[in-house]
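Colleague: Could you walk me through the reasoning behind some of the labels in this model? I would like to see the criteria set beside the values.

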Amino acid sequence: MLAGRLKSLFNEVEILMATARVRELIVAAASFLSIGLCVRASQAQETSVTPLAVMTGRSYPITFPAAISKVSVTEAAIADVVVISDRELVVNAKAPGETDAIIYLTSGVRQHYRIQVRSPSERQQILVAIKFAEIRRDALREIGVSALYRDADIAVGSSGLSGQTSVPRSSPVTPVGGSQFLSILTDFDTDRLLAFISLQESKGRARTLAEPKLMAANREPATFLAGGELPIPIAQGGGAGNTGNSAISVQYREFGVRLRFTGEIINDSLVKLSIEPEVSSLDFGNAIIISGFRIPAFRTRRIQTTVDVRRNESLIISGMFNEDQERVKTGIPGLMDIPILGQLFSSTRYQRSESELLVVVTPSVFDPLRPRRQDVLPVLPDTALPAREAIQKRLPPAARPRRP
């Protein structure tokens, strides 16, 4: 009887121990599962990092769907976070660098931002486009009347016939200034009077347009020239007592479209430009001849200025309107002032010139790591290798392509 009682007691103890063991296993399994879920949740939260790029001196507002409970910032000297309301905050960029900001919401959600603060001039390129527009209008009108009277004793001439005063009348007459568009020579059916009438009118219009573009890094100078160089002979003076021919040296003068500029990015919307555009051309109408050399003059339009321009906006940095009028009347004193009849004793030259000049500058700023589509040339790789023929003889035999 005692043995049976002890056996039943041992069975109950074993059952209790087994139950406790099961409970321990269940608790351990639950703890393991909870730890795994926490680790996965934390890993998921760590991987969901939102990148945020802000320029120095700028702010970025963020609105959340739930109320904000806590905010943590790694480096407040780079970017600071200011809570505006229970669901809104503002990120203020202070200095270039990178920092993290973690925002805790009352709903249990955590937002992780990786803030990159950079200077507006960091890794930036400046592209400057200049437009020169010039229009010239010229008008010229010439009206001249020349007369020559000759008899057996006297000869009198005016204007183009003033040099034809030879006596007798049988000597030939050659009018001066016969290159006009219309010239009339008549004797009015007389033996002693000869008249020469010249008429000419010309109108012209010229238009010049140049659009140079130049790219440079921030705060770096750049130069552009599309044109040529004109050789100009310079006479070198000899030593004392040297009466022989002087030596001639040659100096070159640039002409064409030239652009010099240095750009500086002030912020994300303003660019400072120290710019010097120039357009020059050869002017053979005002050329001079020295020692047998014909040296042309230069027609130059040059601007040098420093301006602040907004990105991708055009600014007129120079404009000019010029008008020249010239009227010259030449004739016989006294007679040329007679109304109507005075035209027979005078020549009139009228000239008018107008010119308009406009210079427009447009700066653009972009990141060389992310260039604009219009600045990238879509060139496919060349498989024909055009330069291969130049090095064909120096290639090893195995590298030479087979000819079909």
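Modeller: Happily! Let us start with β15 and strand β17 (residues 305-310), which run antiparallel and are joined by six bridges. One of the bridge partners is Thr306 in β17, opposite Ser274. A word on the source: this is a predicted model, where local features need pLDDT of at least 70 and side-chain atom pairs count only at pLDDT 80 or more, while totals for chains, interfaces and linings use all residues. Residues are numbered from 1 along each chain as its sequence is written, and side-chain values use heavy atoms, with hydrogens and water left out.

Colleague: What makes β15 and β17 a pair?

Modeller: Two strands pair if DSSP finds at least two bridges between them. β15 and β17 have six bridges, so they pair by that rule. The strands themselves are DSSP runs (E, at least two residues), numbered from the N terminus.

Colleague: Which sense does β15 take with strand β16, and over how many bridges?

Modeller: Antiparallel, over nine bridges, with β16 covering residues 293-302. Glu278 has Arg302 in β16 as its bridge partner. The hairpin of β15 and β16 has two residues between the strands, and Ser291 there takes a positive phi near 55 degrees.

Colleague: What joins β14 to β15?

Modeller: A hairpin through four residues. Strand β14 (residues 247-265) and β15 (residues 270-290) are antiparallel, with 10 bridges, and Ile265 is matched with Val271 in β15.

Colleague: Why is Ile332 called partly exposed?

Modeller: Its relative accessible area is 32%. Buried means under 20% and exposed over 50%, with partly exposed in between (1.4 Å probe, protein chains only), so Ile332 at 32% gets the middle label. Ile332 sits in the loop between β18 (315-331) and β19 (346-366).

Colleague: What makes a patch of Ile332, Leu335, Ile338 and Phe345?

Modeller: Patch residues have over 30% relative accessible area and no salt bridge, and nonpolar side chains (Val, Leu, Ile, Met, Phe, Trp, Tyr) are joined within 5 Å, like charges within 9 Å. A salt bridge is a side-chain nitrogen of Lys or Arg within 4 Å of a carboxyl oxygen of Asp or Glu. With 32%, Ile332 passes the area cut-off. The four residues form a nonpolar surface patch with about 270 Å² of accessible area together, by the Shrake-Rupley method.

Colleague: How do you know which strands are at the edge of the open sheet β1-β7-β6-β3?

Modeller: β1 (49-55) and β3 (68-73) each pair on one side only.

Conventions
Areas by Shrake-Rupley, 256 points an atom, 1.4 Å probe, with all protein chains shown as cover.
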